[in-house]
Amino acid sequence: MRFIATCPDETKDVLAGELSRLSARELRPVYRGVGFEADLEVAYRAHLWLRTASRIQRIVAELPAETAAALAQAAASIPWTDFVLARHAFAVSAILADKDARAIGEAPVQEAIASAVAKATGAPYRPEAEEPVGVVAHVKAGICTVGLDTAGRALHKRGWRLPGHPAVLKETLAASLLLLAGYDGSEPLIDPMCGSGTIAIEAAYIAMNKAPLIHRGKDDFGFERQAGFDRALWRRVSDQARAAKLPAPRAPVFAGDIRADFVELARKTALRARVEKHMSFFVSPLQQLVAPAPRGLLIANLPYGERISAQPGLYADVGRALRGPFATWRAALLVPAGAPLAAFDLPRPSQSFALMNGALEVRLLVFERR
Ligand SMILES: C[S@@+](CC[C@H](N)C(=O)[O-])C[C@H]1O[C@@H](n2cnc3c(N)ncnc32)[C@H](O)[C@@H]1O
């Protein structure tokens, strides 16, 4: 079966690495994602284990789409009952990726696919339904690639997020930072500016070999509401994931912040993510920290002037911590693209990754140590 896992363009390599470790085959980069082939077992595993994918689609057809009429005619010949069940409402979203596609228009593309699906399966076309089965029609160069959204809800929604911090990272971005920094859970980790705890919680999951989507409820994944769902296989894959979880992290995970209310939020969030008892929390300004282990990875999402007022001199203080108490630690710092790097007064980073945090251009700077 063919799939596309979507992600920001900047993190495609990280996602491809995850897919290859899951034994997905025929990996190929596509616009904002990675295409792959997998049998049902590997596909189910991917939905549970991918830390950096936003969504997953199963590709079910590639149809000629020079005109709406040609698309409608081709769509009528697809065995939709192999994919869509009569009892669930469905919706069709159209992505028109070039000028010719836009000339056909969104509504005619949706209409061509929706009427073929409804006619073949009897399923109600109800875009306004609460969680309809998602059909995605991507039109480019005269071809409509039709995908089924097998993830259902976006995969960054792990189910543990709480409100209360103004500048949280998306869970999938936090996991990407960790993997880009080469974190595999075997070294101590500290996030001294943890805010709501996103990075440290994702790290605890990695350190415990815990599947990021393991706590999703029944019927939450799109594929559970689609034709061909193999409940016995899904149960086996989920049981294997639960069994793979280690009783404790392979190395300690520390999370702290200057603000006690944020540390309390991070602790409560970790409790919802069921890793709280495996992490250590502290309230302290970064300037007064003592390294909790001889070596490890210090990772931090520095405050941005735009959303959290950056303290003057903070960059210099971060640099001092990395030359002083954390001199033997590796470091990974997420900073705005235009940040005054000279203020760190550190040797050049070993690696620098250009990323987007929402609409903000940011950089992940990785400092390896001797
Ligand atoms: C951009 S936020 C981190 C958000 C976090 N990655 C998340 O997903 O929730 C930066 C954090 O740095 C904290 N902070 C600012 N100055 C600090 C300092 N001197 N020492 C420790 N933490 C500090 C802020 O309280 C804020 O929570």
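This is a short tour of the ligand site and of one helix pair in a predicted model.

Before you start, note that local features need pLDDT of at least 70 and side-chain atom pairs pLDDT 80 or more, while totals for chains, interfaces and linings use all residues. Residues are numbered from 1 along each chain as its sequence is written, and side-chain values use heavy atoms, without hydrogens and water.

**Stop one: the ligand.** Select the ligand and the 24 residues that surround it, each with a heavy atom within 4 Å. His 165, Ser 196, Thr 198, Asp 257 and Leu 286 are the closest.

Now show the pairs of N or O atoms within 3.5 Å. Ser 196 places a polar side-chain atom 2.6 Å from a ligand oxygen, and a polar backbone atom of Leu 169 is 2.9 Å from an oxygen of the ligand. At Gln 287, look for a polar side-chain atom 3.0 Å from a ligand nitrogen. The protein buries 98% of the 600 Å² that the ligand exposes when taken alone (Shrake-Rupley method, 1.4 Å probe).

**Stop two: two helices.** Next, select H1 (residues 12–21) and H6 (residues 171–180), whose axes come within 10 Å and cross at roughly 80 degrees. H1 and H6 are therefore roughly perpendicular (65 to 115 degrees). Show Val 14, Glu 18 and Arg 21 of H1 with Ser 176, Leu 179 and Leu 180 of H6: these make the contact (heavy atoms within 4.5 Å).

Notes:
Polar contact = N/O pair within 3.5 Å; in protein donor to acceptor, adjacent residues only side chain to side chain. Axes fitted to C-alpha atoms, helices over the stretch in contact; angles between N-to-C directions. Helix = DSSP H or I, 4+ residues; strand = E, 2+ residues; numbered from the N terminus. Parallel < 35°, antiparallel > 145°, perpendicular 65-115°, else oblique.
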